[in-house]
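Here's a quick tour for anyone meeting this structure for the first time. Have a look at it below, and then we'll walk through a sheet and one residue in it.

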Amino acid sequence: SPGSIKVKDVGKDFVKVEWTAPKDTGGDKVKGYTVYYREDGSDEWKKAGSVGSLDNDFTIRNLSTDKKYYFAVAAENKKGQGQKMETETAVSPKKPAQKPAAPEGPIKFT
């Protein structure tokens, strides 16, 4: 499995994860990585996508802000896919902070 996985960025409907390459490649070079996600409280992992061996991040899109998710990544070589490395805590997408609204008037001078 990859060395570690962590959440790198969070937006209103996405979470970006990044990972480090596995120390043990199973005696063959890594061909690529598959990224998964699951809702908090569920045991069902869903495939988010795959990337090549030189990539070390992936953005999972179309997530719901009212749910929490766990993320995982698995390395693959010509023998098949290795074990998943999972995030330790569940994460919710969130709307980014915005500038505050203008103060309300009337303005009083003292």
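Two strands count as paired when DSSP finds at least two bridges between them. Keep in mind that this is a predicted model.

**The sheet**

With that in hand, let's look at an open sheet of four strands, which runs in the order β4-β3-β6-β7 with antiparallel pairing. Which strands stand at the edges? They are β4 (46-52) and β7 (80-86). Each of these has a single partner strand, so one side of each is left without a neighbour in the sheet. From one strand to the next, the twist averages 25°.

Now zoom in on one pairing. Strand β3 covers residues 32-39, and six bridges join β3 to β4 in the antiparallel sense. If you'd like a spot to find on screen, try V35, whose bridge partner in β4 is G49.

**A closer look at N77**

Next stop: strand β6, which spans residues 69-77 and includes N77. Is N77 buried or exposed? N77 has a relative accessible area of 9%, and since the cut-off for buried is under 20%, N77 is buried.

The side chain of N77 also has polar partners in the backbone, listed here:

| Side chain | Backbone partner | Distance |
|---|---|---|
| N77 | T25, oxygen | 3.0 Å |
| N77 | K79, nitrogen | 2.8 Å |

What else does N77 touch? Leaving aside residues up to four places away in sequence, N77 is in contact with T25, G26, D28, K29, V30 and K31. So T25 turns up both in the table and among these contacts.

Methods
Residues are numbered from 1 along each chain as its sequence is written. This is a predicted model: local features need pLDDT of at least 70, side-chain atom pairs count only at pLDDT 80 or more; totals for chains, interfaces and linings use all residues. Side-chain values use heavy atoms; hydrogens and water are left out. Helices (H or I, at least four residues) and strands (E, at least two) are DSSP runs, numbered from the N terminus. Buried means under 20% relative accessible area, exposed over 50%, partly exposed in between (1.4 Å probe, protein chains only). A polar contact is a pair of N or O atoms within 3.5 Å; within protein, one must be able to donate a hydrogen and the other to accept it, and residues adjacent in sequence count only if both atoms are side-chain atoms. Contact means heavy atoms within 4.5 Å. Axes are lines fitted to C-alpha atoms, for helices over the stretch in contact, and angles run from 0 to 180 degrees between N-to-C directions.
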